[in-house]
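Here's a quick tour of a model for anyone thinking about ligands and pockets. Have a look at the sequence and the fold before reading on.

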Amino acid sequence: MPEQSTIHIDFDELNRKAISQPLVKHIYTADPSAHIFNGKIYIYPSHDIDAGDAFDDLGSHFAMEDYHVLSMNTPFDIEAIDNGVALQVTKVPWAEKQMWAPDAAEKNGTYYLYFPAKDYDGVFRIGVATGTTPTGPFIPQPYAIKKSFSIDPAVFKDDDGIYYMYFGGIWGGQLQRWRTGFFKKEQAESPFAFLPDNNEPALCAKIAKLTDDLLEFAEDPKDVKIIDDEGIPLLQGDTEKRFFEASWMHKYNGKYYFSYSTGDTHYLCYAIGDNPYGPFKYMGRILEPVVGWTSHHSIIEFKGRWFLFYHDSSLSKGITHLRSIKVTELFYNKDGSIQTVKPYH
Ligand code: FUB
């Protein structure tokens with residue numbers, strides 16, 4: 001990802017214009033995956049730190065080492081509660097570094113924390129850790145999920161009780177390195193190697209049904225296709241619309257809403273389908289660009305109203321890898337489309 005911008009921004013003014021404020025200020029947090037467990041909101045974010053790594057397009061400066069779980073009684077709380085360290089990379093046998101965006105699920109009173117990290121070969125894998133409370137501590141499985149790769153797991157429980165994982169991310173997230181079905185090590189320093197050409201179909205996020213114990217994939221991962229009005233898959237050159245990273249799935253009025261970040265164009269977009277696998281028709285934007293490079297989110301329903309959890313880098317005054325999670329209400333139009341959120345007035 002690019003160097004910090006040298007454009008002057010008045011952050012005090014920007015923060016006055018922000019539609020919402022950081023939910024915690026004592027640590028930096030990002031990539032908020034929110035869930036309601038036992039009537040309470042739990043947020044599973046990345047815990048951003050400055051480990052001193054240089055900025056690059058591989059995302060090396062995102063050198064996170066652990067997870068904290070945050071909680072709130074309602075989305076209107078001014079602050080979230082930090083429930084402390086829930087899992088550290090040093091406790092995960094297969095993982096070396098870079099604990100990126102996590103997610104969580106619950107089944108039969110067990111809580112599952114899903115997380116990407118680089119293994120000792122520098123390959124992103126997705127692991128799972130279990131606990132008896134939503135806040136952990138979580139005990140990691142000894143190995144990453146078999147056939148997992150890339151980043152940004154988002155676990156969705158459908159109404160029939162089946163769980164699916166959506167995942168993947170391009171550039172530093174390595175999705176493009178798996179195009180042939182195995183990891184291509186050549187040009188490991190270039191995040192742009194192995195990307196499709198601009199006139200080829202865009203790389204897709206992946207989906208895999210989970211096993212009953214939620215610890216493994218029950219099937220080989222499949223493409224999450226995003227199509228245009230004519231049913232044609234988006235192209236890699238459709239950079240303002242195509243998938244980059246940060247998958248999320250929610251269901252609204254019986255339809256499946258797949259949402260994601262467009263990465264280098266900084267939008268959160270969504271596409272609608274009739275089942276968890278898609279295809280999903282591109283619909284538009286959920287969130288305009290925030291301060292900072294990345295955009296990442298989750299969407300939950302709370303007492304009949306809908307909320308978007310997201311992040312920006314306003315608290316750190318624009319530092320890309322020091323972000324803060326926020327929440328704002330989300331509104332639907334009568335036709336099921338989502339009203340685009342502008343993060344600053
Ligand atoms: O937090 C590290 C990475 O930045 C996430 O995995 C991406 O989604 C982006 O937010």
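How many bridges join β1 to strand β2, and do they run parallel or antiparallel? Eight bridges link β1 with β2 (residues 40-48), and the two strands run antiparallel. Within this pair, Phe37 sits opposite Lys40 of β2. Keep in mind that the model is predicted.

Zooming out, β1 and β2 belong to an open sheet of four strands, ordered β1-β2-β3-β4 and paired antiparallel. Its edge strands are β1 and β4 (81-88), each of which pairs on one side only. From one strand to the next, the twist averages 25 degrees.

**The pocket**

β1 (28-37) also turns up in the lining of the largest pocket, among the elements that give two or more residues to it; the others are β6 (103-107), β10 (154-157), β11 (163-167), β15 (245-252) and β19 (298-302). This pocket has a volume of about 660 Å³. Its lining counts 25 residues, and those nearest the centre are His35, Ile36, Phe156, Lys157 and Ile300. Sorted by class, the lining holds 16 nonpolar, three polar and six charged residues.

**The ligand**

Now for the ligand: 13 residues surround it, and the closest are Asp31, Met64, Asp152, His296 and Arg323. Three of these names come back in the table, which gives the distance from an oxygen atom of the ligand to an N or O atom in each side chain.

| Side chain | Distance to a ligand oxygen atom |
|---|---|
| Asp152 | 2.5 Å |
| His296 | 2.7 Å |
| Arg323 | 2.7 Å |

Methods
Residues are numbered from 1 along each chain as its sequence is written. This is a predicted model: local features need pLDDT of at least 70, side-chain atom pairs count only at pLDDT 80 or more; totals for chains, interfaces and linings use all residues. Side-chain values use heavy atoms; hydrogens and water are left out. On a 1 Å grid over the protein atoms alone, a cavity is a set of points where a 1.4 Å probe fits but cannot get out, and a pocket is an open set with protein on both sides within 12 Å along at least five of seven lines; lining residues have an atom within 4 Å of a point. Grid points are joined across faces, edges and corners, and a volume is the space filled by probe spheres set on the points. Ala, Val, Leu, Ile, Met, Phe, Trp, Tyr, Cys and Pro count as nonpolar, Asp, Glu, Lys and Arg as charged, and the others, Gly among them, as polar. Two strands pair if DSSP finds at least two bridges between them. Axes are lines fitted to C-alpha atoms, for helices over the stretch in contact, and angles run from 0 to 180 degrees between N-to-C directions. A residue is near a molecule or strand if one of its heavy atoms lies within 4 Å of it. A polar contact is a pair of N or O atoms within 3.5 Å; within protein, one must be able to donate a hydrogen and the other to accept it, and residues adjacent in sequence count only if both atoms are side-chain atoms.
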